[in-house]
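Reader: I am new to reading protein models, and I would like a close look at one part of this one, set against the whole.

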Amino acid sequence: HTTTLSDGVSWKYFHFDTLFSAKQYITLFDVNLNKGIRVDIPYVSEGFIKTSEVAADSNAIAAINGSFFDTSKGGSTVFFRKNEEIINHTKEGFNPYRENAGFVVDKSGKVSIIRRPSDDIDGWESVEAQHLLTSGPLLIDEGEPVKQLDQPFNTNRHPRTAVGITKDNHLICLTVDGRSYNSYGMSIAELTEIMQVLGCVQSMNLDGGGSTTAWAKGYGVVNYPSDNKKFDHKGERSVVNAIVIITDQK
């Protein structure tokens with residue numbers, strides 16, 4: 001099912017009965033970055049905010065939740081740069097494979113997804129970017145699936161949020177619902193396969209689980225967030241940052 005949200009931004013969803021031998025509810029925004037559409041990463045330094053709230057405040061056309069955060073007091077637990085200023089360094093002890101990818105918006109507004117430049121915890125400091133939100137694992141790099149660690153975070157099925165860039169410069173923002181009989185969620189390998197099928201040549205995983213949220217202007221939350229343990233649109237978890245899509249169209 002496809003709905004045009006604006007010129008260059010479409011919202012697509014489908015409830016699969018037997019995808020990877022399970023029910024799966026997938027929602028995605030297909031953003032044509034060649035149309036001059038702006039991508040931003042609003043955030044809060046303290047406390048929490050819902051993806052839907054920050055999207056509305058940003059006058060966005062669409063939004064998904066961002067990266068990992070401290071669920072007790074707020075603030076990012078991974079490296080984050082906004083307007084060229086470092087807001088957070090990766091928290092000491094954080095799993096490296098869950099922050100080995102970066103979502104980059106440069107000064108010109110170009111969006112890209114990159115691999116962490118080194119294994120050092122501060123390796124992200126060398127990346128020049130207007131905005132840089134890190135997360136992981138990296139799913140696809142230069143068109144090839146990335147070999148993943150055999151860790152429960154990767155191999156178990158969970159709600160997932162991911163972003164990818166296609167060869168023709170479209171941004172794919174995707175959510176997979178989970179923890180429900182109506183949608184089981186995906187492993188990282190399954191998520192990677194979906195992003196490949198959608199044509200992504202670079203892709204990364206974002207925060208998932210109860211955080212997984214997709215929002216569209218005029219429709220509200222359009223996926224089925226799992227934080228209330230119900231399969232409805234009301235289980236949105238408060239987070240600390242989000243990726244928002246902004247157009248100049250009314």
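How much area does the protein expose, and what share of it do carbon and sulfur atoms supply? After that, please take me to G109 and tell me where its place is.

Author: Please keep in mind from the start that this is a predicted model. The protein exposes about 11,200 Å², and 46% of that area is supplied by carbon and sulfur atoms. Of its 250 residues, 56% are buried, and the chain is built with three helices and 20 strands. A compact globule with 250 residues would have a radius of gyration near 18 Å, and the value for this protein, 16 Å, agrees with that; along the principal axes, the C-alpha atoms fill a box of roughly 45 × 45 × 40 Å. When contacts between residues at least 6 apart in sequence are considered, 69% of them join residues at least 24 apart. As for charge, there are 25 positive and 31 negative side chains, and the centres of these two sets lie 5 Å apart.

Now to the part you asked about: G109 sits in the loop that runs between strand 9 (101-105) and strand 10 (111-115). Its relative accessibility is 32%, and because partly exposed covers the range between under 20%, which is buried, and over 50%, which is exposed, G109 counts as partly exposed. To place G109 with respect to another glycine, take G218, which is 109 residues away in sequence and, from C-alpha to C-alpha, 25 Å away in space.

Note on methods
Residues numbered from 1 in each chain as written. Predicted model: local features only at pLDDT ≥ 70, side-chain atom pairs only at ≥ 80, totals over all residues. Heavy atoms only, no water. Helix = DSSP H or I, 4+ residues; strand = E, 2+ residues; numbered from the N terminus. Rg over C-alpha atoms; globule rule 2.2 N^0.38 Å. Buried < 20%, exposed > 50% of the residue type's maximum accessible area, 1.4 Å probe, protein only. Contact = heavy atoms within 4.5 Å. Areas by Shrake-Rupley, 256 points an atom, 1.4 Å probe, with all protein chains shown as cover. Lys, Arg positive; Asp, Glu negative; His and termini not counted. Charge placed at Lys NZ, Arg CZ, Asp CG, Glu CD.
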